[in-house]
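Trainee: Could you take me through the aromatic rings in this model, up close? I'd like to see how they sit in the rest of the fold.

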Amino acid sequence: MNKVPYGLKWRSSYWYATFVVGLGIATDWIVYSILVPVLPFQLQILGYASPSVLTSWLLFAYCAGLVVSTLPIAMISEKYNTRSAPLITGVFVLIGSQIMLMEAPVYWLMILARVLQGTGSAMIWIVGPALLCDMTPTSLIGRQLAVAMTGQAIGLLVGPAVGGVLYGAFGFRGPCIFGIITAFCDLLSRFVLIDRQAALRYGYDPAKEPNTNEPEAHALKGSDNTVPQQKAEDGAQNGSHSLIVVIVQFSKSSRGIATTFLTCLYGALIMSVEPTLPLKLQDSFGFDSTKVGLVFLAAVVPTFASGPLAGHICDRYGTSFISLVSYVASVPWWALMIINNLPLLIVTFALTRFCASGIVSPLMAEMAAVSRAIEGVGYAHVYAAFCMAFGIGCAVGPVVGGEIYDKLRQGWMIQCLVGIGMLAAGFIISFFYLGEKPAFKHLTDLMRRKKSAQA
């Protein structure tokens with residue numbers, strides 16, 4: 001027998017896997033957001049006109065790389081039943097794209113670098129959650145995914161602030177090198193990780209349900225709480241299906257289609273104000289880039305609590321309940337953002353971000369449940385759908401929001417109303433389709449029982 005690796009239990013534990021995936025998400029958002037505020041200045045230095053337009057296309061190139069590479073990454077990960085290799089490859093692609101962008105003398109090379117960056121990001125967004133689902137007991141998946149998603153808040157908190165400071169001190173190479181160093185630290189954490197397939201060879205299963213013996217675990221087979229061990233052992237069989245078969249199987253699930261659409265809606269909702277809120281703060285209150293950055297930083301802080309809280313509620317009460325509450329709770333704050341009052345705008349914007357974290361955590365947990373419920377569809381497949389939908393939403397949201405703000409007289413008010421409309425659409429879809437037993441079925445069953453009792 002091979003010698004047991006040093007630190008097998010903690011290196012293959014679901015908490016360490018959560019740390020690795022969370023660090024990967026944080027690194028991805030740092031590398032993405034650290035350059036957003038400084039790209040227009042770099043384009044001006046390179047001699048290009050209309051830097052704002054060219055910057056928007058650089059952001060679009062990132063989303064394009066994310067979306068285009070999604071399906072191949074998912075199919076390779078499931079076909080070869082591997083998680084560690086794509087995760088490590090993704091960091092090398094991310095580092096390479098940063099070096100290319102840092103040294104790019106022409107615009108087309110910057111576009112190519114951003115496409116490659118999107119490809120590297122897709123690997124963490126697809127394979128990372130799939131790895132975490134493999135290594136986590138089913139009863140804790142929602143919580144662990146939500147904890148890992150706090151990496152998004154960390155990335156958005158660190159990236160823009162550090163990017164501006166480093167650019168002022170060291171020029172364009174400063175934020176790029178910071179991103180490379182962050183990615184290298186992320187790479188080291190991934191080398192340390194021992195995935196579940198490797199841990200099983202040494203007789204250790206990190207995904208074993210706590211306080212649950214084997215007969216009880218197998219008794220769950222076939223339910224929505226199927227243990228991850230079954231999914232991992234059937235990984236090779238699941239991955240043997242062709243892309244067409246996987247798409248057909250997934251499209252038969254109304255629950256899966258609804259979750260994919262909700263993910264796209266979520267991406268469009270949160271990203272729609274990214275390009276317009278700075279303009280609103282500048283036009284109405286005379287804010288400069290530093291003050292705008294502080295507003296965004298203030299809005300990120302509440303999400304550190306809301307994400308894990310939503311994940312815990314998902315595991316305890318299901319995805320439908322917390323999703324519906326988050327949609328309803330978001331509406332008043334989007335409405336109040338219309339009022340032209342600075343303190344109110346800052347507070348309500350932060351509260352919209354707080355509620356938004358309660359929307360995305362159930363969606364990630366729901367994708368895991370969809371995978372367990374469909375034969376032949378692996379975790380990487382469903383998170384590929386999540387990644388693609390989120391990428392499309394992130395590409396469309398800023399464009400639509402920017403056009404509304406620029407072209408319409410009451411652009412900010414209309415944009416807030418459009419946001420409320422998207423929340424209403426999300427609530428309706430969640431009410432009818434989200435969860436093993438959607439809220440609509442719960443309500444109809446309750447009314448049926450009440451009518452039977454009266455009879």
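**Aromatic rings and their surroundings**

Mentor: Let's start with the setting: of the 455 residues of the protein chain, 55% count as buried. Keep in mind that this is a predicted model. The protein chain has 22 helices and 0 strands, and its C-alpha atoms fill a box of roughly 70 × 65 × 35 Å along the principal axes. For 455 residues, a compact globule would come out near 23 Å in radius of gyration, and the 22 Å of this chain agrees with that. Take the contacts between residues at least 6 apart in sequence: 82% of them join residues at least 24 apart.

Now the rings. The structure holds 17 aromatic pairs. A pair of aromatic rings is described by the distance of the centres and the angle of the planes. Try that on Tyr32 and Tyr62: the ring centres are 4.7 Å apart and the planes sit at 45°, so this pair is tilted. Tyr32 belongs to helix α2 (residues 14–33) and Tyr62 to helix α4 (residues 51–79), so the pair ties together parts that are 30 residues apart in sequence. Are these two tyrosines buried or exposed? Tyr32 counts as buried at 10% relative accessibility, and Tyr62 counts as buried too, at 7%.

For another kind of pair, go to helix α21 (residues 411–433), which holds both Phe427 and Phe431. Those two are 4 residues apart, about one turn of the helix. Their ring centres are 6.2 Å apart with the planes at 15°, so the pair is stacked. Phe427 is partly exposed, with a relative accessible area of 29%.

Then there's the cluster: ring pairs link Trp125, Tyr266, Tyr383, Phe386 and Phe390. Several of those names come back when you look at the largest nonpolar core, which has 83 residues. The members that touch the most others there are Trp125, Ile126, Tyr266, Leu277, Phe349, Tyr383 and Phe386. Helix α20 (residues 379–407) gives the most to this core, with 12 residues. Have a good look around Tyr266 while you're there. Setting aside residues up to four places away in sequence, Tyr266 touches Gln152, Ala356, Ile359, Val360, Leu363 and Phe390.

Leu277, from that same list of core members, leads us to helix α15 (residues 277–285), where Leu277, Lys280 and Leu281 are buried. Why do they go together? They cover an arc of only 95° around the axis, which puts them on the same side of α15. After α15 comes Gly286, with a positive phi near 70°.

One last stop, away from that core. A second, separate core of 23 residues includes Val38, Ile95, Ala113 and Tyr167. Ala113 is also one of the contacts of Ser97, along with Leu116 and Gln117, once neighbours within four places in sequence are left aside. Ser97 lies in helix α5 (residues 84–103) and is buried, with a relative accessible area of 1%.

As for the outside, the protein chain exposes about 19,600 Å², and carbon and sulfur atoms supply 69% of that.

Methods: Residues numbered from 1 in each chain as written. Predicted model: local features only at pLDDT ≥ 70, side-chain atom pairs only at ≥ 80, totals over all residues. Heavy atoms only, no water. Buried < 20%, exposed > 50% of the residue type's maximum accessible area, 1.4 Å probe, protein only. Arc of directions from axis to C-beta. Contact = heavy atoms within 4.5 Å. Core = buried A, V, L, I, M, F, W, Y, C linked by side-chain atoms within 4.5 Å. Phe/Tyr/Trp six-rings, centres within 6.5 Å; stacked < 30°, edge-to-face > 60°. Rg over C-alpha atoms; globule rule 2.2 N^0.38 Å. Areas by Shrake-Rupley, 256 points an atom, 1.4 Å probe, with all protein chains shown as cover.
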